[in-house]
Amino acid sequence: MRHLLAIDELERGDVDRIMARAASFAEVGRRDIKKVPTLRGRTIVSLFYESSTRTSSSFELAAKRLSADVISIKAAGSAVDKGESLKDTIATLSAYAPEAIVIRHPHAGAAKLVTGWTSAAVVNAGDGKHEHPSQALLDTYTLLDRLGSLEGKRIWIVGDVLHSRVARSCALCFRMMGAEVTLCGPPTLIPRGATEALGTEVAHDLDRLGEADVVYALRMQRERMSESFVPSIREYAAHYQIDSRRLGPRQLLMHPGPVNRGVELSPEVIDGPASLITAQVESGLVVRMAILYELLAGGDPRGGGGRDAELPVPTPIGEPA
Amino acid sequence: MAQTRAISSLDWRGSESAGERDLVLSGVRVLDPREGIDASHDLVVRDGRVAELAPAGSAGVEGAEVVEAEGLSAFPAFFDPHVHLRTPGREDEEDLETGSRAAAAGGFCGILAMANTDPPVDTAADIAALRDRAREQAAVPIGFLACVTRGMRGEELSEMAELADAGAVGFSDDGLAITNARVLRRALQYQRLADRPIALHEEDPELSTAGSMHEGAVSAALGIAGVPSISESTMIARDAAIAAFEDARIHVQHLSAIESVAAVERAKATGVEITCEATPHHLTLTDEEVRSLDARFKMNPPLRSESDRQALIEAVRSGAIDCIATDHAPHSSDEKEVPFEQAAMGVIGLETAFAAIYTELVLPGVLDLATVVERLSGGADPFGFAAPRIAPGAEANLVLIDTEAEWEAGAEGWESRSDNSCFADRRLRGRVLMTVAAGRVAYRQRSFAMGVA
């Protein structure tokens with residue numbers, strides 16, 4: 001893999017490889033010294049045009065665990081604030097000769113566009129409402145860790161699908177791994193053509209939620225009210241909130257964060273036994289390590305480069321080789 | 001409406017070549033659907049007019065420039081009622097000279113420029129200045145439209161009668177819809193005095209809101225806000241109803257959706273004086289192209305679905321769509337080398353119009369060549385200009401084309417100052433070799449010109 005831009009561009013083999021690599025990094029995380037020298041001397045730029053807590057911190061820590069040098073740039077307070085174009089910003093940052101650029105941008109296709117302006121590997125950390133592939137990969141990892149396989153599993157993604165890059169990436173990734181996906185939400189917040197576009201079923205109420213093995217709730221932005229997508233947050237919660245009454249005992253619960261407590265999820269399920277929300281954050285670190293490893297240290301099997309089949313874990317710094 | 005005017009009544013620098021030699025296209029295939037001609041002839045142009053259609057090999061050629069045109073085709077030249085020449089205000093993107101050169105290179109003998117410049121064209125002085133400049137710079141005749149409303153704000157009418165007297169060939173707020181039905185109604189009433197066509201960009205901004213592409217499965221996959229087809233068709237239906245009530249005449253610009261075709265067909269069936277156009281890109285491309293997130297596929301109205309495209313093609317065939325117009329819209333690379341949603345809307349189209357349609361629709365047998373030629377020159381009529389004809393005595397407006405020639409769009413650069421073409425890098429068939437506009441040679445393709453010399 002040269003870049004990670006969209007789940008839509010991945011093949012099953014790519015996902016399997018990242019999953020296996022992430023599992024090997026999970027082992028590193030249990031050691032005393034959690035750092036490996038794999039990317040020592042390599043530079044990774046993290047460029048965030050939108051606010052983010054977990055994605056940016058998780059990519060940054062992942063890079064540091066791999067011993068890379070990291071430059072983190074937030075749009076606020078940077079040259080972007082002064083009206084610099086994306087192209088010029090990338091040209092400037094490319095002068096540092098980074099091996100990878102991790103970019104989040106409010107508009108679809110930004111990461112892909114960047115690939116034309118730099119020789120660095122580009123990681124899409126969210127482009128508009130298009131895709132958020134690392135989120136889908138960490139969610140897939142979390143589910144594989146818990147369920148072993150997604151083959152035949154039923155996953156409901158509930159909420160504001162229209163404005164959610166997470167929903168798009170997850171639907172594509174879960175389906176690639178063999179799951180059946182249902183998108184559920186108010187008719188105003190499910191995009192026209194969703195079934196055709198994403199290969200999912202569509203539901204507008206939670207009546208059949210019981211059939212789901214996994215319930216993946218999306219963040220509901222309060223501003224959707226003023227845009228007439230829903231009459232009120234109260235009515236939304238009444239119809240779509242996942243609470244302990246609606247969530248069955250054997251169903252797993254996920255959410256990409258940050259959660260609006262009392263809107264899409266009731267407080268008791270957030271902290272309940274079915275909740276994988278904390279596990280998702282933990283997976284984020286190892287999966288993002290695996291992504292950076294794949295792009296910067298992995299060969300390209302499609303390109304014919306050599307690759308070790310059994311994915312040996314690099315020796316941690318400070319431990320005997 | 002005023003009586004039909006000659007294309008030569010528009011403004012351009014064409015008179016420089018007065019005293020030109022006769023031109024003989026020897027053995028050329030002449031195809032003029034309006035005249036019912038499709039046969040080989042010696043086509044003679046003399047004193048700016050089609051002088052003769054003689055049997056091949058029989059025309060007197062003494063002192064004439066003779067083009068051995070066997071295997072080449074001569075059609076009535078094309079007429080584009082919808083281009084953006086970015087003058088005044090954005091001459092870095094296009095000006096009258098480069099835009100009209102692009103038109104000549106595409107086989108157009110006349111073009112009509114929209115008024116959404118910076119500032120918009122809404123005073124008689126603006127029109128006069130543009131006409132002066134066209135007489136110095138334009139490679140083909142240019143007509144200028146003026147805004148329907150002052151400053152294109154959609155609130156108060158421009159001085160339409162005075163603008164018409166100053167030479168505005170029509171009115172349009174193209175780029176924006178006239179959302180206020182009362183304002184449009186007044187404009188259509190006032191048309192009785194101003195006596196010029198009103199061309200309408202049909203879009204309900206409340207429905208299109210922040211959309212950047214067609215609303216459908218592809219926009220769902222990309223997470224890009226969509227422009228629903230009904231944002232266009234509902235406005236067409238509204239405006240057709242107002243036009244019918246006021247006994248007025250409207251021209252609907254750049255139809256994109258199946259619902260819009262239906263709205264125009266209904267209006268025509270009930271006798272509304274309505275004409276409309278479609279672009280080469282809407283006839284040949286769909287929203288599938290946008291999956292690339294390449295801003296060269298961003299325009300307004302957006303590329304729509306395959307069923308929309310098929311409906312447009314069928315309407316071109318039936319004549320429900322009167323003409324093909326390019327909506328040539330140059331943009332600087334700064335405005336296109338940004339993420340899709342941030343990019344400016346619009347594509348250039350003059351230089352590829354014929355070849356794109358010929359390659360994508362005529363060669364595969366979807367549309368016949370005669371229909372395409374008729375629609376490409378059909379933009380003159382709705383604006384009161386005599387459609388180009390190849391008939392003895394007619395003003396010479398014709399294009400010489402090698403339908404066998406294959407070329408890569410943009411590979412040799414563009415005559416336009418901008419390069420935002422949605423056909424760039426494509427292999428196209430059908431190359432314009434020579435354009436005769438209002439009786440004068442306006443364009444010779446470079447390698448062809450050297451071959452002749």
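A salt bridge here is a side-chain nitrogen of Lys or Arg within 4 Å of a carboxyl oxygen of Asp or Glu. Keep that cut-off in mind while looking at B:Glu337 and A:Lys87, whose side chains meet in just such a pair, with N to O at 2.6 Å. What you have on screen is a predicted model, so every value below is computed from its atoms.

Let's stay with the place where the two chains touch. The rule finds one salt bridge across the interface of chain B and chain A, and B:Glu337 with A:Lys87 fits the bill. Beyond charge pairing, three residue pairs are in polar contact between chain B and chain A, counting those where both residues have pLDDT 80 or more. On the side of chain B that touches chain A, the residues divide into nine nonpolar, four polar and four charged.

How many residues of each chain are in contact? Chain B brings 17 residues, and they meet 20 residues of chain A. Putting the two chains together buries about 1500 Å², and carbon and sulfur atoms give 60% of that. B:Glu337 turns up again here: along with B:Ala220 and B:Pro339, it loses the most area to chain A within chain B, and the three together make up 31% of what that side buries.

Now zoom out and then into chain A. Over all chains, a search of the whole structure finds 42 salt bridges. One pairing to look at is A:Arg12 with A:Asp16, where the closest N and O atoms are 3.1 Å apart. Both residues lie in helix α1 (residues 12-29) of chain A, and they are four residues apart, which is about one turn of the helix.

Next, the empty space. Rolling a probe the size of a water molecule over the atoms shows where empty space is left. The largest pocket holds about 810 Å³. Which residues sit closest to its centre? Of the 28 that line this pocket, they are A:Leu162, A:Phe229, B:Glu215, B:Ala225 and B:Gly226. Two elements of chain B, α5 (205-208) and α6 (217-222), give two or more residues each to this lining. By class, the lining of the largest pocket has twelve nonpolar, eight polar and eight charged residues.

The second largest pocket has a volume of about 630 Å³. Its lining counts 24 residues, and those closest to the centre are A:Arg104, A:Arg165, A:Arg219, A:Gln221 and A:Gly257. Here the elements that give two or more residues to the lining are α2 (54-65) and α6 (165-176) of chain A. Five nonpolar, eleven polar and eight charged residues make up the lining of this second largest pocket.

A:Gly257 leads straight to the backbone. A cis peptide bond joins A:Gly257 to A:Pro258, with omega about -10°. A:Pro258 is in the loop between β9 (252-254) and α9 (267-270) of chain A. Chain B has a cis peptide bond as well, joining B:Asn300 and B:Pro301 with omega about 0°. Look for B:Pro301 in the loop between α9 (280-284) and α10 (306-318) of chain B.

Why pause at these spots? Because most residues other than glycine have a negative phi, and most peptide bonds are trans. B:Asp47 is a case for the phi part: its phi is near 50°, a positive value in a residue other than glycine. You'll find B:Asp47 in the loop between β2 (37-46) and β3 (49-55) of chain B.

Notes: Residues numbered from 1 in each chain as written. Chains lettered and ligands numbered in written order. Predicted model: local features only at pLDDT ≥ 70, side-chain atom pairs only at ≥ 80, totals over all residues. Heavy atoms only, no water. 1 Å grid on protein atoms, 1.4 Å probe; cavity = no way out; pocket = protein on both sides within 12 Å on 5 of 7 lines; lining within 4 Å. Points joined across faces, edges and corners; volume = space filled by probe spheres on them. Nonpolar A, V, L, I, M, F, W, Y, C, P; charged D, E, K, R; others polar. Contact = heavy atoms within 4.5 Å. Buried area = accessible area lost by both parts, 1.4 Å probe. Polar contact = N/O pair within 3.5 Å; in protein donor to acceptor, adjacent residues only side chain to side chain.
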